[in-house]
Every structure is written in structure tokens, then in C-alpha cells.
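Student: I would like to go through this model one question at a time. Please keep to what can be computed from the atoms.

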Amino acid sequence: MNLSLNVPTPLEYFSSLVHSDVDFPLLEAAVSLAQDDYPDLGVQQVLGDIDQLLARLKRRLPADAGALHKLRLLNQFFFDELGFAGNLNNYYDPDNSYLHVMLRTRRGIPISLAVLWLELAAGLGLDAKGVGFPGHFLVKVRLPFPHEGQVVLDPFTGDSLSKEDLLERLAPMHAESGMHIDGDVSEELLAHYLRAATPREIVARVLRNLEEVYTSHQDPERLMLVRQRLAVLLPHVHDDEA
């Protein structure tokens, strides 16, 4: 009997991950994006490496730790001890979007750093979400009583952002359009811009970043591969554009 094992192509594997929004595997889908550039990449090995980071973090967590304690411990571990930070020297390197490279270099862009940070936050039981803020991806954490409130963080630097910080980041964009940010409008704008991004939206934003990079690099082959993934991820959008 002849047995044949049909190994899925990177695009077929990606398609199997993102076909449904139910239990969408954000981390695995994000890791798999590197398979076009790194065909020998072992996605499960990368996921295992991240599991080991989470296990290290959990061993330091007291049994009675509250959400604020968990958040502080996570940030100290992620930004201070492991040294994850934004790649200021080579921001537009496509490797900044590939999590397996980021695990080695400890450098990335806001959204790739956010994906890893969110995975660790979820592993600690924190109510954390990604935020598709204009121009710069952020993360937010909802803290329960007795520290009830929302913390917004910049994954590029680890800084906590106040309302004033967020409005300052929005101001140039709205100034260009002639809009003003003040009073009640500010609250409405922040509620809109701080909406939690879905896993599908997060992966789409990573791919659109890569699309911009490969367009600027004039790399039609890689650009085509990225657009194929976007067509699989957002079929209705691409059907409308056809």
C-alpha cells in the first residue's frame, strides 16, 4: 500500500486557521505569517517557546495576585527583564512582523509586540485587548474592583497612556481634517478609537503593514504572497474590490 502525506502549503495552513471567527487562533495565525519568508519555520516550536515564557512568568505569580499585580509583573517581565522594545533603528524591516524573529532579537513594531504581550496577558487571566489606534497599535487592560478602570499601554515602549496622551496622538490627524478635539467629542472619539480589535482585524493589520513594506521595497513576489493571504483572510473585502 502506497501512503502519501499531503503537507499543506503555507497558504492552505493559514486558510485552515482563519476560516472561522470562532476560537480564532490569533497567535498561531500571526506566527504562521512568516512561513512565506521562512519555509522551514516550525510554527508549533514557536508556540512552545512562547508557552515556556508564560510558564516562567506564572512561576513568579503569587496565588492571591490581583489583576493590577499581574499587570505590573507582566510589564516588568516583558519590557524590563526580557527587554522587548520597538525597533527604532530598522522600523520597516519585515522581520519586525515575524514573531519567531522577534523572540530572538527582542525587537518589533507595535502590533507584533502587542500580539506576544496579549498572549502572555491572557495566560495570566487578564482582560486584555488589542486596540487598532490610528498609526500606532496599542493594548488595553480592564481592571476589576478594587482598582476598577482601564489601562492603555503602548507596546512599543511599555508606557501607560493617559487620556491627554491619547488625545495628543489624535490631534495631528484631526487637525489635518479640520476637526477639533474637545469636550464631549473627545470622549466619543476615544471610545471609537479605543474599540477592541478582533483577532481577524489584528492579523489583517499585520498583513497590511507587510504590504506597505514590500511595496516600498519593490518586491512584487513577496507582495503577491501577502495579498494572497489578505484575500483569504478578508474574502468579502476582496470580492467587493474585484
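Tutor: Helices and strands here are DSSP runs, helices of at least four residues and strands of at least two, numbered from the N terminus. The model is predicted, and local features need pLDDT of at least 70. With those names, Phe137 can be placed in the loop between β3 (127-131) and β4.

Student: Is Phe137 buried or exposed?
Tutor: The cut-off for buried is under 20% relative accessible area. Phe137 has 3% relative accessibility, so Phe137 counts as buried.

Student: Which residues is Phe137 in contact with, leaving aside its neighbours within four places in sequence?
Tutor: Contact means heavy atoms within 4.5 Å. With those neighbours left out, the contacts of Phe137 include Gly130, Val131 and Gly132. The others in the list are Pro110, Ile111, Ala114, Pro155, Ala197, Ile202 and Arg205.

Student: What separates the C-alpha atoms of Phe137 and Asp154?
Tutor: Along the chain, Phe137 and Asp154 are 17 residues apart. In space, the separation of their C-alpha atoms is 7.5 Å.

Student: What span does α4 reach from its first C-alpha to its last?
Tutor: Helix α4 has 15 residues. The expected span is 1.5 Å times one less than the number of residues, which for α4 is given as 21 Å. The model comes close to that value, with a reach of 20 Å.

Student: Which elements do the buried residues of α4 pack against?
Tutor: The buried residues of α4 include Leu68, Leu71, Leu74, Phe77 and Phe78. Lys70 and Asn75 are also among them. The packing partners of these buried residues are α3, α6, β4 (138-143) and β5 (149-153).

Student: Which residue just after α4 takes a positive phi?
Tutor: The phi in question is about 80 degrees. The residue that takes it, just after α4, is Gly83.

Student: How many salt bridges does a search of the whole structure find?
Tutor: A pair counts when a side-chain nitrogen of Lys or Arg lies within 4 Å of a carboxyl oxygen of Asp or Glu. Searching the whole structure on that basis gives a total of nine.

Student: How many residues apart are Arg200 and Asp21, whose side chains meet in a salt bridge?
Tutor: The N to O distance of this pair is 2.7 Å. Arg200 is in helix α9, and Asp21 is in the loop between α1 (10-18) and α2 (26-32). The pair links distant parts of the chain, and its separation along the sequence is 179 residues.

Student: Which of Arg200 and Asp21 counts as buried, and which as exposed?
Tutor: Buried means under 20% relative accessible area, and exposed means over 50%. Asp21, at 57%, therefore counts as exposed. The value for Arg200 is 15%, so the buried partner is Arg200.

Student: Which residues are linked with Asp37 in a network of salt bridges?
Tutor: The side chain of Asp37 meets that of Arg222 in a salt bridge of 2.7 Å, N to O. This pair joins the loop between α2 and α3 (43-59) to helix α10, across 185 residues. The network that holds Asp37 also has Asp219 and Arg222.

Student: About how much space lies in the largest cavity?
Tutor: The structure holds one cavity of 30 Å³ or more. Its lining includes Asp37, Arg222, Tyr98 and Leu207, and by class the lining has seven nonpolar, no polar and four charged residues. The space in this largest cavity is about 60 Å³.

Student: Which element supplies the largest share of that cavity's lining?
Tutor: Two helices, α9 (199-216) and α10 (220-233), each supply at least two residues. The largest share is four residues, and they come from α10.

Student: Which element gives the most to the lining of the largest pocket?
Tutor: About 300 Å³ of space lies in this pocket. Of its 16 lining residues, the closest to the centre are Tyr91, Ile109, Gly135, Asn209 and Glu212. The elements giving two or more residues are α6 (110-123) and α9. With six residues, the element that gives the most is α9.

Note on methods:
Residues are numbered from 1 along each chain as its sequence is written. Side-chain values use heavy atoms; hydrogens and water are left out. On a 1 Å grid over the protein atoms alone, a cavity is a set of points where a 1.4 Å probe fits but cannot get out, and a pocket is an open set with protein on both sides within 12 Å along at least five of seven lines; lining residues have an atom within 4 Å of a point. Grid points are joined across faces, edges and corners, and a volume is the space filled by probe spheres set on the points. Ala, Val, Leu, Ile, Met, Phe, Trp, Tyr, Cys and Pro count as nonpolar, Asp, Glu, Lys and Arg as charged, and the others, Gly among them, as polar. Buried means under 20% relative accessible area, exposed over 50%, partly exposed in between (1.4 Å probe, protein chains only).
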